[in-house]
Amino acid sequence: MTESSGSKLLNGEACQRTLRGKNAGKNGFVKNHCVFEHPRKYRRPTERSQNAAPNSSLYKKPFSESFEETPLLVAVLTYMGYGILTIFGYFRDFLRHWNIEKCHIAHEREQQKDFVPLYQDFENFYTRNLYMRIRDNWNRPICSVPGAKVDLVERVTHNYNWTFEHTGKVVKDVINMGSYNYLGFAENAGACASAAIETTHAYGVGVASTRCEIGNLDIHEELEQLVARFLGVESSMAFGMGFATNSMNIPALTGKGCLILSDELNHASLVLGARLSGSTIRVFKHNNMQSLEKLLRDAIAHGQPRTHRPWKKILIVVEGIYSMEGSIVRLPEVIALKKRYKAYLYLDEAHSIGALGPNGRGVVDYFGLDPKDVDIMMGTFTKSFGAAGGYIGGRKELIDYLRCHSHSALYATSMSPPVAQQIISSMKIIMGEDGSTLGKDRLRQLSENTTYFRRKLREMGFIIYGNDDSPVVPLMLYMPAKIGAFGREMLKRNIGTVVVGFPATPIIESRARFCVSAAHTREMLDTVSLVNLQTPSSDPLHDGRVMGVRRSRRSNL
Amino acid sequence: MNVGTAHSEVNPNTRVMNSRGMWLSYTLSIGLLHHILLSIPFVSVPVVWTLTNMIHNLCMYLLLHTVKGTPFQTPDQGKARLLTHWEQMDYGVQFTASQRVSYLLTSFYTKYDRVHFVVNTVSLLTVLIPKLPQLHGVRIFGINKY
């Protein structure tokens with residue numbers, strides 16, 4: 001739709017430079033000028049780990065990630081599991097059809113049976129036959145602040161998870177391994193909470209208008225200046241909702257005739273924003289710089305699909321920490337590529353802001369890079385700051401443009417004042433401007449907890465995905481029955497976790513995801529890792545390796 | 001329940017057949033079926049091979065070419081609702097290879113008896129023809145349209 005000034009010039013220049021810059025060798029053959037050649041011809045077939053960075057000169061410290069491939073036996077058993085569940089699903093559908101079993105789902109009335117179906121029967125297959133059986137692991141109502149420990153509302157079901165009843169009791173002090181509470185700012189007492197209460201008395205809770213109309217408060221301006229200082233950019237803008245920051249701003253930045261190169265595992269908000277913008281989207285393999293470089297070269301060399309005109313803009317969209325894999329983006333290499341091929345970079349730091357880096361300034365700080373290299377720095381306040389909302393930071397012209405053209409600024413209500421105050425207080429604590437060392441202590445505690453927890457689980461032999469420094473720890477479960485069993489057994493032992501399976505993840509990669517927090521103590525982490533090892537009381541055969549799938553042979557990691 | 005939140009693939013059905021170990025599980029399950037059929041006492045070996053071939057082709061036809069759509073709601077606004085699984089997949093060359101192998105083995109074991117040959121060939125054709133790219137989205141006589 002619209003584009004920022006100066007972009008046309010850059011990309012036009014880039015196109016010509018590529019054509020002129022290549023020197024034809026003998027017989028007109030142009031040698032490959034790839035920045036990142038394929039480093040090794042032979043790769044160990046059992047691990048698709050990306051341990052060795054091909055350009056290690058760009059990294060100041062070792063970058064170690066691993067995504068161990070599913071063992072073959074486990075994959076076969078997982079398919080068998082899904083196969084058996086599918087057969088049973090068809091069987092029970094048959095029973096429901098002939099009214100032998102009670103049918104709880106919505107279906108049309110008798111008079112409407114010949115109309116075009118309103119409820120697509122088959123689309124509901126997975127939900128009613130697989131999801132419903134283990135539905136008690138999700139949407140658990142909590143009734144306290146989601147800190148290191150949380151209180152859950154106890155609920156029972158008398159018809160196998162179709163309906164729930166609250167017993168009136170509360171399960172107290174469940175260790176919370178599911179909340180994105182990386183720095184422990186989800187609390188209802190302390191400096192942040194008091195400041196938020198005062199702001200509620202001063203401003204109220206609702207704003208009742210959009211930023212462009214009459215909803216632009218002085219507290220928003222203060223927040224935006226603080227965020228810009230925190231990130232090290234010229235200017236920034238804050239929005240009321242993190243998801244909406246992505247889905248409403250990417251359409252304002254790119255449009256038809258632009259190209260978006262997005263990572264395979266990007267979040268739904270980025271995917272939605274990219275699709276809403278109307279640009280061409282090309283997906284590169286997760287964190288794979290060769291794939292990204294190939295796409296960039298092809299895009300610049302061939303131009304737009306049919307007309308072969310140069311692209312108006314090329315935007316690379318990556319995330320800081322990918323929340324389902326626990327991997328960290330290879331930012332130094334992405335920036336090197338971006339500079340070489342003159343593309344723009346959109347970095348979504350939803351999980352990494354406040355959680356990575358010696359000063360908590362995110363993945364840019366973690367790698368020791370210059371924030372001015374990233375064109376658009378986006379992030380959310382939901383995770384490390386204990387608030388809600390998102391921000392975009394960058395050059396002044398960009399943010400001024402967004403203030404007028406962002407869909408969110410024009411149509412969505414602005415951020416609530418106590419939430420803005422919570423962000424201001426927590427950000428000041430992290431930066432150390434409140435005069436105490438609380439921020440530094442919490443950052444250090446998070447980093448220690450992460451290292452300790454990951455090391456402990458690895459030593460026990462579990463298969464963990466992701467980077468060694470990421471506070472998001474996915475523990476692989478693989479089989480569908482384990483998803484339900486793991487969630488329930490953890491809750492019985494007073495630990496709350498998030499489990500996720502197909503179709504949210506690939507079919508053989510179901511996992512449980514732990515989010516380490518600075519508020520967790522070492523005892524809590526010990527409890528959690530020991531519980532992972534515990535056997536169900538009635539099963540003497542499985543000596544210590546039941547829930548998570550353990551690595552049997554590899555001991556050199 | 002969220003479909004595809006951990007990756008940007010809006011229809012996970014397209015990737016299921018490419019997953020690791022799928023080929024092995026498929027071979028194992030055919031082997032299992034064959035052994036179960038072999039253990040029926042009064043059926044001779046050629047008939048068992050023909051039966052395996054027929055049942056395998058029938059199941060494959062039902063699962064890949066009859067059932068349409070996805071068993072979960074996808075965020076692509078129902079683009080795949082009228083497509084069979086075969087049409088949703090990006091490629092599946094190994095499945096046609098397996099059918100050819102199965103057909104050849106069956107022909108060998110039935111010692112090229114005429115009746116068996118006819119039955120097996122018909123069964124093979126019912127599964128091979130829908131896989132041709134010319135038949136992508138074609139519904140003969142309007143069968144299985146909605």
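Contact here means heavy atoms within 4.5 Å.

**Figure 1. Overview of chain A in the predicted model.** Of the contacts in chain A with a separation of 6 or more, 71% join residues 24 or more positions apart. The secondary structure comprises 16 helices and 15 strands. Chain A has 557 residues, and 53% of them count as buried. Its accessible surface is about 26300 Å². Carbon and sulfur atoms contribute 56% of that surface.

**Figure 2. Close-up of Thr210(A), in the loop between α4 (191-203) and α5 (218-231).** Thr210(A) has a relative accessible area of 9%. That is under 20%, so Thr210(A) counts as buried. Beyond its neighbours within four places in sequence, Thr210(A) contacts Gly215(A) and Asn216(A). Its contacts also include Ala409(A), Leu410(A), Tyr411(A), Ala412(A), Thr413(A) and Ser414(A).

**Figure 3. Close-up of His201(A), a residue of helix α4.** His201(A) is exposed, because its relative accessibility of 69% is over 50%. Pro418(A) lies 217 residues away along the chain. The C-alpha atoms of His201(A) and Pro418(A) are nevertheless 9.2 Å apart.

**Figure 4. Close-up of a patch of positive charge on the surface.** The patch brings together Lys256(A), Arg306(A), Arg309(A) and Lys312(A). Arg309(A) sits in the loop between α8 (289-302) and β7 (314-319). With a relative accessible area of 56%, Arg309(A) is over the 50% cut-off and therefore exposed.

Conventions:
Residues are numbered from 1 along each chain as its sequence is written. Chains are lettered from A and ligands numbered from 1 in the order in which they are written. This is a predicted model: local features need pLDDT of at least 70, side-chain atom pairs count only at pLDDT 80 or more; totals for chains, interfaces and linings use all residues. Side-chain values use heavy atoms; hydrogens and water are left out. Helices (H or I, at least four residues) and strands (E, at least two) are DSSP runs, numbered from the N terminus. Buried means under 20% relative accessible area, exposed over 50%, partly exposed in between (1.4 Å probe, protein chains only). Patches are made of residues with over 30% relative accessible area and no salt bridge: like charges are joined within 9 Å, nonpolar side chains (Val, Leu, Ile, Met, Phe, Trp, Tyr) within 5 Å. Accessible areas come from the Shrake-Rupley method with a 1.4 Å probe; for residues, only the protein chains shown count as cover. A salt bridge is a side-chain nitrogen of Lys or Arg within 4 Å of a carboxyl oxygen of Asp or Glu. Lys and Arg count as positive and Asp and Glu as negative; His and the chain ends are not counted. The place of a charge is taken as NZ of Lys, CZ of Arg, CG of Asp or CD of Glu.
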